[in-house]
Amino acid sequence: MNWHTRVRDVMSGDPVSVDVNDPPSRVQQVLSDRPFHHLPVIDGGVLVGVVSTVDLARVSLGAWVKDGPTQQAWLDATFQMKDVMTFEPECIHVDDPIKLAADKLSAGSFHCLPVLDDADQLVGMLTSTDLIRFLVTA
């Protein structure tokens, strides 16, 4: 295994993101339609946070109310994105070694790292699943 492999070679590119002003139900919809569990949150083109299925589960009525539209209406009336997202997430750069990503993911209580380019623009996401896939195929 080559721990000097760059993050760019392991990450998922073209990240789907949400805007900081989107309602939480938009996050819920995007995540239910996709095979991933984390979304970068953007404000004016700048990464400001990350929101995940776990973040939404913490504030969901899903255990008590089975009607989807009622859940979504309550979620949007009760919370804003800033109430459910993680601000200033730990990030990594595209040219960092994968070992640094592994160190960050294993030391934190999070399962994704937004990937930034040299201009600090979001270019991808690296998740614990991406890292495990790299480890088992290396």
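This passage describes a predicted model, moving from its sheet to a helix that packs there and then to selected residues and side-chain pairs. Residues are numbered from 1 along each chain as its sequence is written, and side-chain values use heavy atoms, with hydrogens and water left out. Because the model is predicted, local features need pLDDT of at least 70 and side-chain atom pairs count only at pLDDT 80 or more, whereas totals for chains, interfaces and linings use all residues.

Helices (H or I, at least four residues) and strands (E, at least two) are DSSP runs, numbered from the N terminus. Two strands are taken to pair if DSSP finds at least two bridges between them. Strands of a sheet pair through backbone hydrogen bonds, either parallel or antiparallel. In this model, an open sheet of 4 strands has the order E1-E8-E7-E6, and its pairing is mixed. Strand E1 (12–13) and E6 stand at the edges with a single partner strand each, so one side of each is left without a neighbour in the sheet. The parallel part of the pairing includes E6 and E7, which are joined over 2 bridges, and here His93 has Leu116 of E7 as its bridge partner. E7 and E8, by contrast, run antiparallel and are joined by 5 bridges, with Cys112 standing opposite Thr127 in E8. The hairpin of E7 and E8 has 5 residues between the strands, and in this hairpin Asp120 takes a positive phi near 60°.

Accessibility is described in three classes: buried means under 20% relative accessible area, exposed over 50%, and partly exposed in between, as found with a 1.4 Å probe on protein chains only. By this scale 5 of the 5 residues of E7 are buried, so the strand is largely enclosed by the rest of the structure. In a regular strand the side chains alternate between the two faces of the sheet. In E7, Cys112, Pro114 and Leu116 point one way while Leu113 and Val115 point the other way, and all are buried.

Helix H5 (residues 98–107) also has buried residues, namely Ile98, Ala101, Ala102 and Leu105. Seen down the axis of H5, these buried residues fall within an arc of 100° (the arc of the directions from the helix axis to the C-beta atoms), so they line one face of the helix. An α-helix has 3.6 residues a turn, so residues three or four places apart point the same way. The cover over the buried residues of H5, where contact means heavy atoms within 4.5 Å, includes strand E6 (92–93), strand E7 (112–116), E8 and helix H6 (128–137).

Two residues of E8 show how this strand is placed. Val123 lies in strand E8 (residues 122–127) and, at 25% relative accessibility, counts as partly exposed. Not counting residues up to four places away in sequence, Val123 touches several residues, among them Met11, Ser12, Val94 and Val115. The C-alpha atoms of Val123 and Met11 are separated by 9.3 Å, although the two residues are 112 residues apart along the chain. Gly124, also in strand E8, is buried at 0% relative accessibility. With the same exclusion of residues up to four places away in sequence, Gly124 has contacts that include Met11, Gly13, Leu113 and Pro114.

Outside the sheet, Asp55 is found in helix H2 (residues 53–59) and is buried, with a relative accessible area of 9%. The side chains of Asp55 and Arg58 are joined by a polar contact of 2.9 Å; such a contact is a pair of N or O atoms within 3.5 Å in which, within protein, one must be able to donate a hydrogen and the other to accept it, and residues adjacent in sequence count only if both atoms are side-chain atoms. Beyond four places in sequence, Asp55 touches Val50, Val84 and Thr86.

A search of the whole structure finds 0 disulfides, a disulfide being a pair of cysteine sulfur atoms within 2.5 Å. The sulfur of Cys91 is 8.9 Å from the closest cysteine sulfur, in Cys112, which is too far for a bond. Both residues are buried, Cys91 at 18% relative accessibility and Cys112 with a relative accessible area of 6%.

Rings of Phe, Tyr and Trp (its six-membered ring) pair if their centres lie within 6.5 Å; planes under 30 degrees apart count as stacked, over 60 as edge-to-face and the rest as tilted. The count by this rule comes to 1 aromatic pair. The rings of Trp74 and Phe79 have centres 5.6 Å apart and planes at 75°, so this pair is edge-to-face. Trp74 is partly exposed at 33% relative accessibility, whereas Phe79 is buried at 18%.
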